[in-house]
Amino acid sequence: AKFVYDFTEGHRGLSGLLGGKGANLAEMTRLGLPVPPGFTITTAACREYLRTGTPPPALRDEVSAHLDALERRTGRRLGRGADPLLVSVRSGAERSMPGMMDTVLNIGLSDTSVRSLAAQTGDERFAWDSYRRLVQMFGETVLGIEGDAFADRLADAVAQAGAADETGLAAGQLERLTRMFQDLVCERTGRPFPQDPREQLDLAVRAVFDSWNGPRARLYRRQERIPHHLGTAVSVCAMVFGNLGQDSGTGVAFTRDPATGQQGVYGDYLRNAQGEDVVAGIRNTVPLAALERLDPASYAELLRLMEVLENHYLDLCDIEFTIERGRLWMLQTRVGKRTAAAAFRIAVQLVDQGLIDEAEALRRVSGEQLAHLMFPRFDSGAAPAPLARGVAASPGAAVGVAVFDPARAVARAARGERVILVRRETTPDDLDGMIAAAGILTARGGKTSHAAVVARGMGRTCVCGAEELRVDHAARTATTADGTVVREGDVLSVDGTTGRVYRGEVPVVPSAVVEYFEGTAPPDADDLVAAVHRVMGWADAARRLGVRANADTAADAARARRFGARGIGLCRTEHMFLGERRALVERLILAEDDQGAQRALAALLPLQRADFRELFSAMDGLPVTVRLLDPPLHEFLPDLTDLSVRVALEHRDEDVRLLAAVRRLHEQNPMLGLRGVRLGLVVPGLFAMQVRAVAEAAAECRAAGGDPRPEIMIPLVGTVQELEIVREEAEEVIAAAAEAHGTRLDIPLGTMIELPRAALTAGQIAEHADFFSFGTNDLTQTVWGFSRDDVEASFFAAYLEKGIFGVSPFETIDTDGVGSLVRAAALAGRAARPGLKLGVCGEHGGDPDSVRFFHEVGLDYVSCSPFRIPVARLEAGRAAT
Ligand code: PEP
Ligand code: MG
């Protein structure tokens, strides 16, 4: 294998091998941009090193050959001669991991070459400053000496010299400081600072490889779901110097504003400095536009190159550059990160500029970004300086009083207060408090910490890992680095979209994008809404998947329709029996004789009929899939413990009878118990009542001039026999209702596929089903053997932490396991019944990655909660491009 690529050999398609940085340096070189010469050591070499503990044997010779070539091209030798070549050694993985891995600059300086550099540049101060930086960076990153040891000595030297900062140190003072740094190295490692430039280079390369597995990098990869086995590439590049005086400097530039997408000149510049000075934020930069005055020629050249890059990458690029004595060099570029709003604006702008087509524009945005734009947000103009910053773990804007333990959070929430639960980290014991809270804030943990996983699952706003906060649960305080104390009851505002936490109440503004979907804001309300409007149009035109809603009320149905749903894919009828009507279902379940049951059913029928009429009217002309009752029984019965206590205290006869019945029906695993079709088969008349309500509601809507399109769906079917029995009865009920109303009723009868057995026998089931809807919630539960009500809060955080899966299978469909059952059942179903309509109505129907999968499997539609509908439309469009 080839382990080293010259910048002239690679291109941007090789980012897996050369890392993003190496691939883009090669691409810029190919484009003829002024990139200092150099070469990139591949990720394959790093993987080999990480596997065996030593660099691959061939690497040394390859590096030698490329170093020779570099020396020939520059006419200089690494660390030798009158004009010594110096190089930088920089990490660069396929996906950028900003600041997570190591960089060493000025490799090649030694006690001799520092003097040559001084003579060559005529700048002794510069030469010693560069050497000082090398010993410091090398000591820290390659030799593992703690940074403070260097920083303290530097601060002492600055203080002794009476200077404001290190730029005030003279050559002699920097020389003495360098010697002190060298002594420190010797003291700590037992060896002098290496004088051989090649040894410096080899050690630095190894250090960069090692930094792939540093704790910071590992944590970052876990959070960003980047696989650990990829490894990093290492780019070795001839040094150019931004610290050679006032006509030199270094900066960053964006071809568009990464926050808004506006085209223009964005970035920062720092005169007489090297790159790490900008990143470290030690000195104040000036806006890039100021460069026009400082160095008009370089500025003009930079603008020209920015345009070249934009026109080549056809996207927002970010750039690192250095000016060495009036000469501009490009040190890095990449397609830049951007906010969700900027992503939409830029995609549309590029289409309008004729640079990309609509399909490409769809690829440039994501459902995740759209979802972000749909959360209410804090009014940025009104926000004070943040109190703390952490990981943006679960989006949203939450305001409430700080509370430091879950029980008190529950108590205060019960009094009607909005609560922010503040914890060092959360555990499953905190669950009650998390449910009660409007927002969650932790000092520890990343995007896969318990707090983050559970909060996302519940749709709670969450910021985690706000490390500058010291949380003292006993004292009920959180203290910031500067000593500000937050006490229980203090108001906090938590921004789960940016990770910022504010003291006090920051005003919340509704999402303009939601107002647009709601129809309360016009499509040209502002340029973001206009961009979203156009992108949604492209997505709708491109997509093949239909999008329906999971909705149980007319209000939800109406909203879903405004958001673009073309029908209801799941109406959970058990949701129609909560609240006051729960007692009616309870009476039905507990009825001791047929008469009692009939009375309960007769009371339910008109209520159901009225519900359905409303739903059909809200979705007039569009399909409405009504699922027959699928209650976990316990949700409809009094709590066993509460009831036992009441019986013990009050001894009422009716309670005693009730208790006996509840005991009889009590289940250890209600989600696997008497649910769905099973209930329909053992409680006579229940399903018939529901089917009759659907049929009569349809007939009544029709008579009133409407166009109702009901579909009836049977839940939790495991075998075709269950379906046959229910179907036969349903057909009779529908026929009777049609006759009674003197109309024709054509109501498809279908089934959910949500048990492995149903998926495995889908061919048989399809013979008796007019459609399938995949219930991927239950299918995930039963395929994995994961209790859907329990596992996310108990051990999922540990599983995510260990990388067993990157995301909860209840959130994103497990394509290998659950997904392959879906695929097989879809095939078998359509083989048995060509044209069989296929949908999905589990939570996955609104998840971006899952929508893509359902498109690939060839389903007809996805059904999801009303708020996810725009996301599903967009992702369905993206999947089709
Ligand atoms: C499912 O199981 O995926 C489903 C949609 O049904 P429920 O969530 O109501 O069980
Ligand atoms: Mg289900």
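The following exchange goes through several labels applied to this predicted model and the values behind them.

User: What is the overall make-up of the protein?

Analyst: The protein has 36 helices and 31 strands. Its C-alpha atoms fill a box of roughly 105 × 60 × 55 Å along the principal axes. Of the 881 residues, 50% are buried. Among contacts between residues at least 6 apart in sequence, 66% join residues at least 24 apart.

User: Which domains does the assignment give, and how far apart are the centres of domain 1 and domain 3?

Analyst: The domain assignment gives domain 1 (4-238), domain 2 (249-335), domain 3 (375-509) and domain 4 (545-631 + 675-880). The C-alpha centres of domain 1 and domain 3 lie 40 Å apart.

User: Why is helix H23 called oblique to helix H27?

Analyst: Helix H23 (residues 594-618) and helix H27 (residues 686-703) pack at an angle of about 45°, with axes 8 Å apart. Roughly parallel needs an angle under 35 degrees and roughly perpendicular needs 65 to 115. An angle of about 45° fits neither class, so H23 is oblique to H27. The crossing of H23 with H27 is right-handed.

User: What makes up the contact between H23 and H27, by class?

Analyst: The contact of H23 with H27 has 12 nonpolar, three polar and five charged residues. On H23, the residues include Leu601, Leu604, Leu605, Phe612 and Phe616, together with Arg609 and Arg613. On H27, they include Leu686, Met689, Val694 and Cys701, with Arg692, Glu696 and Glu700 also taking part.

User: What makes H21 roughly parallel to H23?

Analyst: The axes of helix H21 (residues 554-562) and H23 cross at roughly 10° and come within 9 Å. The cut-off for roughly parallel is an angle under 35 degrees, and roughly 10° meets it, so H21 is roughly parallel to H23. Ala554, Ala557, Ala558 and Arg561 of H21 make the contact with Glu614, Leu615 and Ala618 of H23. By class, these residues are five nonpolar, no polar and two charged.

User: How do you know that H5 and H8 are oblique to each other, and which handedness does their crossing have?

Analyst: Helix H5 (residues 124-142) and helix H8 (residues 197-211) pack at about 45°, with axes 10 Å apart. That angle is not under 35 degrees and not in the range 65 to 115, and H5 and H8 are therefore oblique. Their crossing is left-handed. The contact joins Phe138, Thr141 and Val142 of H5 to Gln200, Leu203, Ala204 and Ala207 of H8. Five of these residues are nonpolar, two are polar and none is charged.

User: Why is isoleucine 420 called buried?

Analyst: A residue is buried if 20 or more other C-beta atoms lie within 10 Å of its own. Isoleucine 420 has 26, so the label is buried. Isoleucine 420 sits in strand E15 (residues 419-423). Leaving out residues up to four places away in sequence, isoleucine 420 touches Ala398, Gly400, Val401, Ala402, Val403, Ala437, Ala438, Gly439, Leu441, Leu492 and Val494. Arginine 652 is 232 residues away along the chain, with 42 Å between the two C-alpha atoms.

User: Why does glycine 785 count as exposed?

Analyst: The cut-off for exposed is 12 or fewer C-beta neighbours. Glycine 785 has 7 inside 10 Å, so it counts as exposed. Glycine 785 is in the loop between helix H31 (776-784) and helix H32 (791-794).

User: What makes arginine 476 partly exposed?

Analyst: Partly exposed covers the counts between the limits of 12 or fewer and 20 or more. Arginine 476 has 17 C-beta neighbours inside 10 Å, so it falls in that class. The residue lies in the loop between strand E18 (470-472) and strand E19 (477-479). Arginine 476 and glycine 785 are 39 Å apart in space, C-alpha to C-alpha, and 309 residues apart in sequence.

User: What is notable about phi in arginine 476 and leucine 716?

Analyst: Most residues other than glycine have a negative phi. Arginine 476 has a positive value, near 55°, and phi of leucine 716 is also positive, near 55°. Leucine 716 lies in the loop between strand E27 (709-714) and helix H28 (720-741).

User: How do you know whether leucine 716 is buried or exposed?

Analyst: Leucine 716 has 24 C-beta neighbours inside 10 Å. Buried needs 20 or more, so leucine 716 counts as buried.

Definitions and conventions:
Residues numbered from 1 in each chain as written. Chains lettered and ligands numbered in written order. Predicted model: local features only at pLDDT ≥ 70, side-chain atom pairs only at ≥ 80, totals over all residues. Axes fitted to C-alpha atoms, helices over the stretch in contact; angles between N-to-C directions. Helix = DSSP H or I, 4+ residues; strand = E, 2+ residues; numbered from the N terminus. Parallel < 35°, antiparallel > 145°, perpendicular 65-115°, else oblique. Left-handed = near helix turned anticlockwise from the far one by under 90°. Contact = placed C-beta atoms within 7 Å. Nonpolar A, V, L, I, M, F, W, Y, C, P; charged D, E, K, R; others polar. Domains from an automatic or database assignment.
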